[in-house]
Amino acid sequence: MTDDAPELRELLALARELLQSELMPALPAGARFTAALIANALAIAGRELLDHGEADCAVADARDALTGFPDDDDLVVAIRSGALDAPSPQRLAALTYATTLVQRRLAVTNPARLNVANRDGNGSISAP
Amino acid sequence: MERLAAFVAAASGARDVRIDRYERMSGGAIQENFALDANIDGRDVALVLRRDAPSRVAVSRTRADEFALLRAAYTAGVTVPEPLWASDDPAIVGAPFFIMRRAPGTAIGRRIVRDETLGGDRTTLAARLAEQLARIHTIRPPQADLAFLGPPQSARDFVLDAYAFLDRTGRSEPPLELGLRWLDVNAPAPNDTVLLHRDFRTGNYLLDAGGITAILDWEFAGWGDPHEDIGWFCAWCWRFGSSDREAGGIGTREAFYTAYERASGMRVDDVRVRYWETYAHARWAIVARQQTDRHRSGEQRSLELLLIGTLEPELDDELLRGIA
């Protein structure tokens, strides 16, 4: 992450705020949907600029713990072949890796879901 | 517009047709819908023209097939807009299309789960929706007009298609792959085979103050186990934030099951429904990737399509919870 990140985040946050507070109320309904999509895109871009070092480490650690598959292509072949069907430490490690990977992505797309008990989000792309 | 007016005149047998409005409607990342106001021999008629989009998700059907499905549903007594005329002549509006009557109401999922003036009492609405679904499921193979549907599609067919798609894109997706493998191994043996809507969910039906005015979006329909549609309707990803109302963000699961059982005479197997809910997240996750790919391929540049791709992680998350 570069040192410019905080300023870029502020830039995106302010752009989003103005879009929502000044432009959206003045727009007709059809254009408001488009504006909501843009606001959503700006929020996602802003979260991409956060420091994800810890989550990246968690992914790398979970991947390291999953031995026997040099890369994810090999892992996919093993999953499809049924080699990871039965309960085993390796299946558990694969599930842990998958979960960690999804959590890293959620930190950008939908951080509300990072809380295990939370099932926020709604399969909808224009959520406030 | 002259060509369209001439088409409507020929199709309806009218002498005089005037098009007063032809305007793109919002919604529908896959097709393009146009509000069409026509005056046919002196009578104003509110219509919708549904046209193929520049590019389509691989599994979605053509407008001609969707028209045949709509006719079958209309005949079976499902609440759908009356299908009127179809054409595969691209010269009329730029792509194949069909025309149906325009039903009043809104389909916006987030509004429907929050605004109870739409559709009224929630338990009743959940029951009405279950009855609509049971009505769709009265359509059974074989049906000559629906021959294009081909054989029933199983969970295994979906998994194999998903593998082929993922291989084409060259993406390794361990979370999704674990889910797909689980779906393959745990697929319930098919029991009954009926017409499935395959996208029967909040967001795909129109409501006004009086209740359901139309079941929309038939392009994914095919033959299969009725539990698949029930699971799709109940899946978390279609509750639009009202997660505690497990039947589509509208009512309780029990109210929905009970009404479905009463209308269909079929016993709802909860274990089967839960399987198809897990399946729903995998299928939506694949469709989300396909939508993003439509943008990436340059076929259709769209912020909406790109944002649908950002739903992948939460769908993968639900999928992993389903197989845990």
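Tutor: Two residues are in contact if their C-beta atoms, placed from the backbone, lie within 7 Å. Keep in mind that this is a predicted model, where local features need pLDDT of at least 70, side-chain atom pairs count only at pLDDT 80 or more, and totals for chains, interfaces and linings use all residues. Residues are numbered from 1 along each chain as its sequence is written, while chains are lettered from A and ligands numbered from 1 in the order in which they are written.

Student: How do you know that domain 1 of chain B touches domain 2 of chain B?

Tutor: By that cut-off, 23 residues of domain 1 of chain B are in contact with 26 residues of domain 2 of chain B. On the domain 1 side, 15 of the touching residues are nonpolar, four polar and four charged. Here Ala, Val, Leu, Ile, Met, Phe, Trp, Tyr, Cys and Pro count as nonpolar, Asp, Glu, Lys and Arg as charged, and the others, Gly among them, as polar.

Student: What makes chain B as compact as a globular protein of its length?

Tutor: Its radius of gyration, over C-alpha atoms, is set against 2.2 Å times the number of residues to the power 0.38. Chain B has 20 Å, close to the 20 Å the rule gives for 324 residues, so it earns the label.

Student: Why is Thr67(A) called exposed?

Tutor: A residue is exposed if 12 or fewer other C-beta atoms lie within 10 Å of its own, buried if 20 or more, and partly exposed in between, with C-beta atoms placed from the backbone. Thr67(A) has 10, so it's exposed. As for chain B, 46% of its 324 residues count as buried.
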